Protein chains: 2
Amino acid sequence: MAGLRERKKEQTRQRLAATAWRLFAERGFEAVTVSEIAEAAEVAKATLFSYFPTKESLALQGVGDEDLAGIVAGRPAGTSPLDALRTHYRDFAVGPMTGIDTEVLVSRVRVIFDSPALSSAAHALLYQQRQKLAEVLAAEHGETAAALMAAQISASLVTLQETFFRRLAAGAALEDARRRLAEDVELAFGLLAHGLDPFASGGRPARDEPAPAEDPITTEDRPRPTGRLRPAA
Amino acid sequence: MAGLRERKKEQTRQRLAATAWRLFAERGFEAVTVSEIAEAAEVAKATLFSYFPTKESLALQGVGDEDLAGIVAGRPAGTSPLDALRTHYRDFAVGPMTGIDTEVLVSRVRVIFDSPALSSAAHALLYQQRQKLAEVLAAEHGETAAALMAAQISASLVTLQETFFRRLAAGAALEDARRRLAEDVELAFGLLAHGLDPFASGGRPARDEPAPAEDPITTEDRPRPTGRLRPAA
DNA sequence: TCTGAAATCAAACCCGGTACGAGTTTTTGT
DNA sequence: ACAAAAACTCGTACCGGGTTTGATTTCAGA
């Protein structure tokens, strides 16, 4: 029962986003003017801004949609937040690719990386995820602890994304990038779960790099250090 | 041998920053116009922008000056990066306060917190520190590992700062805020060093909050989990 | 004291974003 | 089927941050 009105709106919205991305891909984010976009999409500038609040939002549609908080909140009983997230990211890295056009993806990534304004706006979006994650974690841990955990987790995941996309933008094949991502996921969650101390080295590092396993999937949970953090003196 | 010219420049710069902050404190960041600032400081708008590249930079002078990378790079031999940073932050929290005007500090913090634009610009500054930290860590670990560690560390420290400042802005006394910061520092570095797993809990959390020790300083290094990350299968 | 470089200035301009009032289209109630 | 109300769009003028331009002042160094 989609009313005519809503159909038209959706259509216009699509046209705006598509037009914008076409221009961004051609000349880069900063070099394109919103008036230009509006003109090319045959709408008034004011109308454009009734669809998208900012120029950045034209380019960042769908960025930061992945919902960390939701994954953690909806995890099966008996799993730790970290496990839930690890599973999710493993699936993304090694699971089947659901129809992703590499060309498009790479072009989007390039545009975003090339524009400080856009990168920064993207970061701001991801920052909100972190806040929401902190909220759901706060239900189980102290507020401060939750904030810290959320910060660490979110920072790690953002780093994973950045690394992945940077490789893509640098020209790596999608499958290669995904393979390396799979390794990095294990590395990241290892660090998150067990901390940096196993890596710690006073003067010189113990090993240059922790040699990621061949097949990440085979890496199963190791016995956890049970020691509590800061036991009462 | 400070030439007259340079003295005047420095003077003007100071006058601009001071004027700006006076106005920001009175009416908030967004409500003050750069033209206004320029006028009040008796300079042309163009001149103002020859001193400060953006409006934000007028407000964020000195933010993000603390140099994580430097602390890590210049740490005494035999200490891990984490230890060096922990020591540094402990000192800040419990060491002597070197002439800080709480009034001024709080007003600055309030202004920054109240302006999304400003907060976000501050984040961007702190993000640069993180990049530099990653660079120095990359010398000892793999690039990806370094990026992940830097991300975790930097995210944690930013969270500490935010928490500290938020308490101040909420009206807490400086000494109280510092005491709680001291606790949080231990918590944060504990998490960083030993990971989140000791906290991990499947269905329900083991404890609500890990009860920070009374006197953080007495908390000395615990035996480290020696298990390496992802040993070859 | 003269000269050239550096700094300042006012004013016009660009761009992202908002405000406004008037016109047009869809919806809704009857 | 029709009129009133709501929703959407439009052009234009405006605001604020930031840049450009070109003329004018101010300092430094010989």
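**DNA contacts and one aspartate**

Me: Which atom of DNA strand D lies 2.6 Å from a polar side-chain atom of Arg5(A)?

Reply: The model is predicted: local features need pLDDT of at least 70, side-chain atom pairs count only at pLDDT 80 or more, totals for chains, interfaces and linings use all residues, and side-chain values use heavy atoms, with hydrogens and water left out. Residues are numbered from 1 along each chain as its sequence is written, while chains are lettered from A and ligands numbered from 1 in the order in which they are written. A polar contact is a pair of N or O atoms within 3.5 Å; within protein, one must be able to donate a hydrogen and the other to accept it, and residues adjacent in sequence count only if both atoms are side-chain atoms. For Arg5(A), the partner on DNA strand D is a base nitrogen.

Me: How far is a polar side-chain atom of Tyr51(A) from a phosphate oxygen of DNA strand D?

Reply: Lys45(B) places a polar side-chain atom 2.6 Å from a base oxygen of DNA strand D. For Tyr51(A), the partner is a phosphate oxygen, and the distance is 2.7 Å.

Me: Which element gives the largest share of the surface near DNA strand D?

Reply: A residue is near a strand if one of its heavy atoms lies within 4 Å of it, and 22 residues surround DNA strand D. Helices are DSSP runs (H or I, at least four residues) numbered from the N terminus; those supplying at least two residues include H1 (4-27) of chain A and H4 (55-59) of chain B. The largest share, four residues, comes from H3(A).

Me: What percentage of the atoms of DNA strand C within 4 Å of the protein belongs to sugar and phosphate?

Reply: Around DNA strand C there are 21 residues, and among those that come nearest are Lys8(A), Lys55(A) and Tyr51(B). For the atoms of DNA strand C within 4 Å of the protein, the sugar and phosphate share is 68%.

Me: Which residue of chain A has a polar backbone atom 2.6 Å from a phosphate oxygen of DNA strand C?

Reply: Val34(A) also has a polar backbone atom by a phosphate oxygen of DNA strand C, at 3.1 Å. At 2.6 Å, the backbone atom belongs to Lys55(A).

Me: Why does Asp184(B) count as buried?

Reply: Asp184(B) sits in helix H10 (residues 174-194) of chain B. Buried means under 20% relative accessible area, with a 1.4 Å probe and protein chains only; over 50% is exposed, and in between is partly exposed. Asp184(B) counts as buried because its relative accessibility is 7%.
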